Amino acid sequence: MKHTELLEFTKLQHICITIADKTGCNVAIMGPGGRIIASSKPERIGVIHPGAALILDGQVDFFDVTEEMARESGVMLEGRSLPLELEGKRIGSVGVAAPLAESRRYSAIVQTCVTVMLESEFAHRNAQAQLNRSIESSKRTETILRKSEKRLREMSELGRIGYWYWDLASGNVEWSDQVYKIFQLDPKQFIPHIESIMTRSPWPEDRLRDQELIQRASQSREPGSYEQRFLLPDGSTGYYFSTYQGIYDDQGKLLAIEGTVQDITGQKRSRLALELSESRFRDFANSAADWFWEMGPDLRFTRLTGRIEEVMGLPPEQVVGRTRREIYRDTQDFDAPHWQRHFHTLESHLPFSNFEVRWVRPDGESRFLNFSGKPFFDAQGNFLGYRGVGGDITARKQQEKELMHLRNYLVNIIDSMPSILIGVDNSGMITQWNKEAQYSTGIPFEEALGKPLLKVFPRLAEELSRIHRAIRTRRKQVDSKRPRQEDGEVHYEDMTIYPLISNGVEGAVIRLDDVTEQVRMQEMMIQTEKMLSVGGLAAGMAHEINNPLAGMMQTANVLKSRLTDTRMPANLRAVEALGLSMEVLGAYLQERGVPRMLDDIQTSGIRLAEIVENMLSFARKGEGGGSLHDLRELIDKTLVLATTDYSLKKKYDFKTIEIVRDYAENLPPVPCESAEIQQVLLNLFRNGAEAMQSSGGRHQRFNVRTRLSKNRAMACIEIEDNGPGMDESVRRRIFEPFFTTKPVGVGTGLGLSVSYFIITEIHKGEITVVSKPGKGARFVISLPIVPSGRG
Amino acid sequence: MRTLLILDDDSAVRRSFCDFFEDHLWDPVPAESGEEALTLLQSVRPLAAIVDVRLPGIDGNEFICQASRLMTSLKFLVCTGSPEYRIPDDLRRLPNLCPRVFHKPVIDLQELERELIRMIDAQGTCSECG
């Protein structure tokens with residue numbers, strides 16, 4: 001600004017015009033703030049120079065300006081600042097923008113301007129002379145510059161190298177065209193300034209790059225290089241290689257930094273891609289295997305990486321150079337087939353996978369290892385060795401072991417169930433078949449598995465719909481006490497069908513429990529309850545019944561003797577007094593059936609008395625024990641009694657019935673009340689005989705057996721007839737008090753219930769019956785051999 | 001005539017016994033209660049007594065106890081309608097009490113009579129004991 005103040009406008013203007021005339025160029029001189037103060041085009045005078053934008057606009061391609069002027073005007077100099085000396089003294093600099101400028105037409109201005117300035121500074125000198133010299137000098141310089149610039153431009157375009165110049169004082173940066181191309185920026189829109197450039201490097205680690213560059217250039221005058229990133233207009237990141245060199249003043253002060261920039265995005269990207277791919281591979285490999293190994297053609301390990309030491313407890317250097325055979329020699333049996341196969345594979349140069357080995361580490365810990373490997377060959381097909389991976393599968397092996405253990409445990413649980421457990425899938429195929437099912441059907445698991453339920457377990461054929469319902473509704477289906485025939489006996493079972501809905505596998509489990517014993521026990525308990533209540537009732541009633549009964553029967557007794565006893569003195573006296581005769585009276589009574597009526601009264605009375613007597617026996621509490629008796633003797637005595645039993649009207653002839661005895665040798669004497677047991681036996685023989693008689697069977701037979709039931713420490717008596725048998729409804733009620741199949745008035749319906757009571761309550765034994773219509777009946781009496789503890 | 005005390009509160013039973021023994025040439029003396037029977041014993045001297053147990057007032061056991069003191073020669077035979085009846089221990093020691101208990105209804109009255117005669121015929125030895 002000093003300069004402009006010192007010079008008269010007209011003089012400056014004159015200079016411009018003169019130079020323009022001589023060079024054929026436009027010439028302008030810029031003042032402070034970038035205002036054009038003199039110009040060969042007078043209309044431009046006074047216009048404020050807008051900076052780099054104007055230069056790039058092409059309106060002014062080059063202008064002379066001192067560093068100071070440039071700093072003040074905000075115009076960036078792109079190019080080199082050549083010191084200009086006069087008489088050994090630096091008086092200014094010449095701006096050269098060789099890569100940028102399209103023309104060197106303004107070269108001279110620089111010197112002119114400087115000269116002008118010079119002139120102003122050294123006002124006593126001859127300005128014109130100086131100017132002339134300057135012009136001569138500038139012409140020389142122009143020629144040199146033009147050649148140099150051309151060369152540089154060619155090189156730059158060829159190598160896609162951009163040139164930049166950074167003026168540290170102003171922060172202005174000048175770019176060659178190539179830099180714009182490299183950074184994909186529009187010269188018309190982007191004004192390169194250190195700050196605008198830095199905004200294109202938003203990465204934190206690049207924040208201080210400009211400062212670093214200054215520092216580096218300050219510390220060393222040697223040129224250097226660096227890599228940088230640049231945010232491109234399309235949002236992608238470009239990578240660049242830059243060189244730099246500082247520009248210093250006489251005192252060595254750093255004035256500017258210049259350099260080149262080269263686009264290396266392509267290389268950088270491929271390098272990054274390579275790095276990524278490598279790291280990916282490393283990650284994949286690491287997650288797939290614990291370590292990698294390589295073998296040479298001699299099958300010795302050449303290279304190991306990864307966690308081998310951690311897993312095997314061996315440092316890789318102890319493995320390298322050895323063969324697998326050498327490493328495992330101490331812990332393995334190489335004769336084992338899997339090792340034989342493995343060695344054969346290796347020697348045949350074949351790939352292998354998942355070769356599993358148990359390894360005992362030097363510290364004694366056991367590990368399971370897994371190897372896979374692939375042979376590799378050179379271009380000529382020569383075997384070079386193996387590459388492969390190794391892994392620690394101890395955890396997996398452990399899990400497998402635990403899984404197996406758990407499975408066995410569950411199978412054991414299922415098998416130890418006393419129930420039949422059958423698993424079926426949705427289509428009725430068997431998926432599970434436990435021990436009880438095998439035992440019950442005789443079909444082994446292997447045979448049942450996968451077969452249709454219908455085929456293997458036909459008696460569940462009717463249950464398929466139930467199974468489907470259980471699966472469909474996801475509710476268990478229960479059916480209790482289902483009767484079924486087996487070996488001529490009725491068995492009962494509870495069936496439960498549980499739907500299986502876990503893990504999306506549809507199916508069901510069928511559970512069958514034999515509850516025959518429970519059902520029988522229940523029946524017995526019901527009987528006992530009934531009898532005890534009958535007994536209680538009878539005990540209360542007996543006295544009240546017996547007295548009037550005695551009045552009736554005893555009176556009938558006396559009545560009979562008074563009417564029919566022809567020798568009784570009282571009778572004779574009375575007849576005589578009345579003028580009757582015993583004979584006539586007897587004939588009359590006979591005629592009118594009176595003796596029969598009296599007999600009927602007697603008979604009915606006796607039956608009534610028996611009923612009361614029988615009912616009363618239910619009131620007796622079990623006393624247990626009794627003296628020891630040989631059951632065979634008791635049976636034989638009872639059979640004799642039955643044969644001579646005429647107390648009832650003869651409905652059967654016991655002598656015609658065949659008795660087949662089958663007595664066990666080892667039967668010990670049994671503690672019991674012999675009279676009561678005989679009563680029971682007699683009752684059974686009578687009932688059986690009557691039943692056989694009524695069915696009119698030709699060959700009537702009793703099979704009488706005794707045997708020992710070892711498991712329950714019971715002596716058993718079986719009395720089996722070949723009579724008509726009975727159906728289930730009768731069988732279930734046969735021990736009930738007052739239940740009878742005989743015509744009204746024939747039986748009391750108490751015989752068997754009394755027998756039942758005697759056996760179960762008094763002797764703590766059991767009495768059961770097995771029968772089917774047309775197949776006879778078999779009564780089984782079981783008596784404890786050891787007397788029960790109950791008093 | 002052999003006098004026989006019939007002690008039973010049931011009139012039909014009592015009368016059937018009286019009728020039967022009358023026919024068999026006994027002299028039955030009926031009594032409805034123990035108290036009445038004890039009073040009767042002051043005027044009559046029966047050889048034996050058929051005794052019911054459940055009675056209004058004193059029961060058969062008590063009657064036997066008192067009557068055996070009043071009349072040491074009197075024989076007793078229990079005939080009861082209670083099936084659970086057992087001779088009490090203190091009475092069991094009495095030599096004039098028939099150990100066999102008859103239960104009502106007595107289907108065979110002749111058997112009862114025979115038992116009575118057996119007891120009466122054994123009087124000599126038994127009274128010495130008593």
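This report walks through some features of a predicted model, starting with chain B and then turning to chain A.

## Chain B at a glance

Let us begin with the parts list. Chain B has 130 residues, and 37% of them are buried. Its secondary structure comes to 6 helices and 5 strands. If you follow the sequence from start to end, these elements appear in the pattern β-α-β-α-β-α-β-α-β-α-α.

How are the strands arranged in space? In chain B, 5 strands form an open sheet with parallel pairing, and their order is β2-β1-β3-β4-β5. The edges are taken by β2 and β5 (102-103) of chain B; each has a single partner strand, so one side of each is left without a neighbour in the sheet.

## One pair of strands in chain B

Now look at one pair from that sheet. Strand β1 (residues 2-7) of chain B runs parallel to strand β2 (residues 26-31) of chain B, and 6 bridges join them. To find a matching point on the two strands, look for B:Ile6, which stands opposite B:Pro30 in β2(B). Between β1(B) and β2(B), the chain passes through helix α1 (residues 11-23) of chain B, making a β-α-β crossover that is right-handed.

## A cis peptide bond

Most peptide bonds are trans. In chain B, however, the peptide bond from B:Lys104 to B:Pro105 is cis, with omega near -5°. You can find B:Pro105 in the loop between β5 and α5 (109-121) of chain B.

## An antiparallel sheet in chain A

Chain A offers an open sheet of 5 strands with antiparallel pairing, in the order β16-β15-β19-β18-β17. Which strands are at its edges? They are β16 (430-433) and β17 (477-486) of chain A, and each pairs on one side only. On average, neighbouring strands of this sheet are turned by 25° against each other, direction ignored.

Within the sheet, strand β18 (residues 489-500) of chain A and strand β19 (residues 507-514) of chain A pair in the antiparallel sense over 8 bridges. One position to look up is A:Glu493, whose bridge partner in β19(A) is A:Asp514.

## A strand with two partners

Further along chain A, strand β24 (residues 714-721) is worth a visit. Strand β23 (residues 701-709) of chain A runs antiparallel to β24(A), and 8 bridges join the two. Here A:Arg705 has A:Glu718 in β24(A) as its bridge partner.

β24(A) also pairs with strand β26 (residues 777-784) of chain A, in the antiparallel sense and over 8 bridges. In this pairing, A:Glu720 stands opposite A:Arg778 in β26(A).

## Two helices side by side

How do two helices of chain A meet? Helix α20 (residues 516-564) and helix α23 (residues 594-617) of chain A pack at an angle of about 160°, with their axes 9 Å apart. Angles over 145 degrees count as roughly antiparallel, and that makes α20(A) roughly antiparallel to α23(A). The crossing of α20(A) and α23(A) is left-handed. Sorted by class, their contact has 20 nonpolar, 5 polar and 1 charged residues.

## Single residues in chain A

Is A:Tyr165 buried or exposed? A:Tyr165 has 26 C-beta neighbours inside 10 Å, so it counts as buried. You will find A:Tyr165 in strand β5 (residues 161-167) of chain A. The C-alpha atoms of A:Tyr165 and A:Ser176 are separated by 8.9 Å, and these two residues are 11 residues apart along the chain.

Most residues other than glycine have a negative phi. A:Gln184 is not a glycine, yet it has a positive phi of about 55°. A:Gln184 lies in the loop between α7 (177-183) and α8 (194-198) of chain A, and with 14 other C-beta atoms within 10 Å it is partly exposed. A:His349, also a residue other than glycine, has a positive phi near 60°. Its place is in the loop between α14 (337-347) and β12 (352-360) of chain A. A:His349 has 16 C-beta neighbours inside 10 Å, so it counts as partly exposed.

Note on methods. Residues numbered from 1 in each chain as written. Chains lettered and ligands numbered in written order. Predicted model: local features only at pLDDT ≥ 70, side-chain atom pairs only at ≥ 80, totals over all residues. Pairing = 2+ DSSP bridges. Helix = DSSP H or I, 4+ residues; strand = E, 2+ residues; numbered from the N terminus. Right-handed = clockwise from strand over helix to strand, strands pointing away. Axes fitted to C-alpha atoms, helices over the stretch in contact; angles between N-to-C directions. Parallel < 35°, antiparallel > 145°, perpendicular 65-115°, else oblique. Left-handed = near helix turned anticlockwise from the far one by under 90°. Nonpolar A, V, L, I, M, F, W, Y, C, P; charged D, E, K, R; others polar. Buried ≥ 20, exposed ≤ 12 C-beta atoms within 10 Å, placed from the backbone.
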